[in-house]
Amino acid sequence: MASTHDDIRGWFAGRIPDAWFASAPEIQVDREEIMVIGTLPEPKIEDDASDDTRRAALEARIAGFREDTRDARIRIASEAEHRFGRKVSWGATCGEVTRRFTTFGVPVMTR
């Protein structure tokens, strides 16, 4: 039986720890890949911080999340890959910054 997008979204909703993201993660599904992108809470910085300071804080929040959750994300991805037969990729958004940590690239034939 093929998994529906709703099955996949529901499974990830139940499997991803609630504390990871500020809201439900975005789950994008295609034939080859499941992309999970979660929104992180923005770091607290001074109101008069420069754009560079703000961007550095957002980037650091994403990098910290990536490192702190690596082992758990690998376990969840492995379970999902076995269950749904698709590769799992991860990403995070914080403020206006989005970073994809892993992506599954499908080779394309060119002539």
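**Exercise 1. Place Thr98: find out whether Thr98 is buried, partly exposed or exposed, and where Thr98 sits.**

Step 1. Thr98 has a relative accessibility of 37%. Buried would need under 20%, and exposed would need over 50%. The value falls in between, so Thr98 counts as partly exposed. Keep in mind that we are working with a predicted model.

Step 2. Now look for the element: Thr98 belongs to strand β4, which covers residues 97–100.

Step 3. Next come the partners. Setting aside neighbours within four places in sequence, Thr98 makes contact with Ile37, Ala92 and Thr93.

Step 4. Finally, compare sequence and space. Thr39 is 59 residues from Thr98 along the chain, yet their C-alpha atoms are separated by 8.8 Å.

**Exercise 2. Do the same for Val29: which strand holds Val29, and is Val29 buried or exposed?**

Step 1. Val29 is found in strand β1.

Step 2. Its relative accessibility is 18%. The limit for buried is under 20%, so Val29 counts as buried.

Step 3. Beyond the neighbours within four places in sequence, Val29 touches His5, Ile8 and Arg86.

Step 4. Try a distance as well: Val29 and Gly14 are 15 residues apart in sequence, and their C-alpha atoms are 17 Å apart in space.

**Exercise 3. Describe the overall build of the protein: how many helices and strands are there, and in what pattern do they follow along the sequence?**

Step 1. Count the elements: three helices and four strands.

Step 2. Read along the sequence, and the pattern is α-β-β-α-α-β-β.

Step 3. Add the dimensions. Along the principal axes, the C-alpha atoms fill a box of roughly 55 × 45 × 25 Å.

Step 4. Turn to burial: 32% of the 111 residues count as buried.

Step 5. Look at the contacts with a separation of 6 or more: 61% of them join residues 24 or more positions apart.

**Exercise 4. Explore the largest nonpolar core: which of its residues touch the most other members?**

Step 1. Recall a general tendency: in soluble globular proteins, nonpolar side chains tend to be buried together.

Step 2. The largest core here has 24 residues, and Phe12, Ile34, Val36, Val88 and Trp90 touch the most other members.

Step 3. Ask who contributes. At least two residues each come from α1 (5–15), β1 (26–29), β2 (33–39), α2 (51–68), α3 (70–84) and β3 (87–94).

Step 4. Zoom in on Ile34. Leaving out neighbours within four places in sequence, its contacts include Ile8, Phe12, Phe84 and Val88.

**Exercise 5. Study the aromatic rings: how many aromatic pairs does the whole structure hold, and which residues do ring pairs link into a cluster?**

Step 1. The search finds eight aromatic pairs.

Step 2. Take Phe12 and Trp90. Their ring centres are 6.3 Å apart with 80° between the planes, an edge-to-face arrangement.

Step 3. Phe12 lies in helix α1 and Trp90 in strand β3, so this pair ties together parts 78 residues apart in sequence. Both Phe12 and Trp90 are buried.

Step 4. Compare Trp20 and Phe65. Their centres are 5.7 Å apart and their planes stand at 85°, so this pair is edge-to-face. Trp20 is in the loop between α1 and β1 and Phe65 is in helix α2, 45 residues apart.

Step 5. Check burial: Trp20 is buried at 12% relative accessible area, and Phe65 is buried at 9%.

Step 6. Gather the cluster: ring pairs link Trp11, Phe12, Trp20, Phe21, Phe65, Phe84, Trp90 and Phe101.

Terms used
Residues numbered from 1 in each chain as written. Predicted model: local features only at pLDDT ≥ 70, side-chain atom pairs only at ≥ 80, totals over all residues. Heavy atoms only, no water. Core = buried A, V, L, I, M, F, W, Y, C linked by side-chain atoms within 4.5 Å. Buried < 20%, exposed > 50% of the residue type's maximum accessible area, 1.4 Å probe, protein only. Contact = heavy atoms within 4.5 Å. Phe/Tyr/Trp six-rings, centres within 6.5 Å; stacked < 30°, edge-to-face > 60°.
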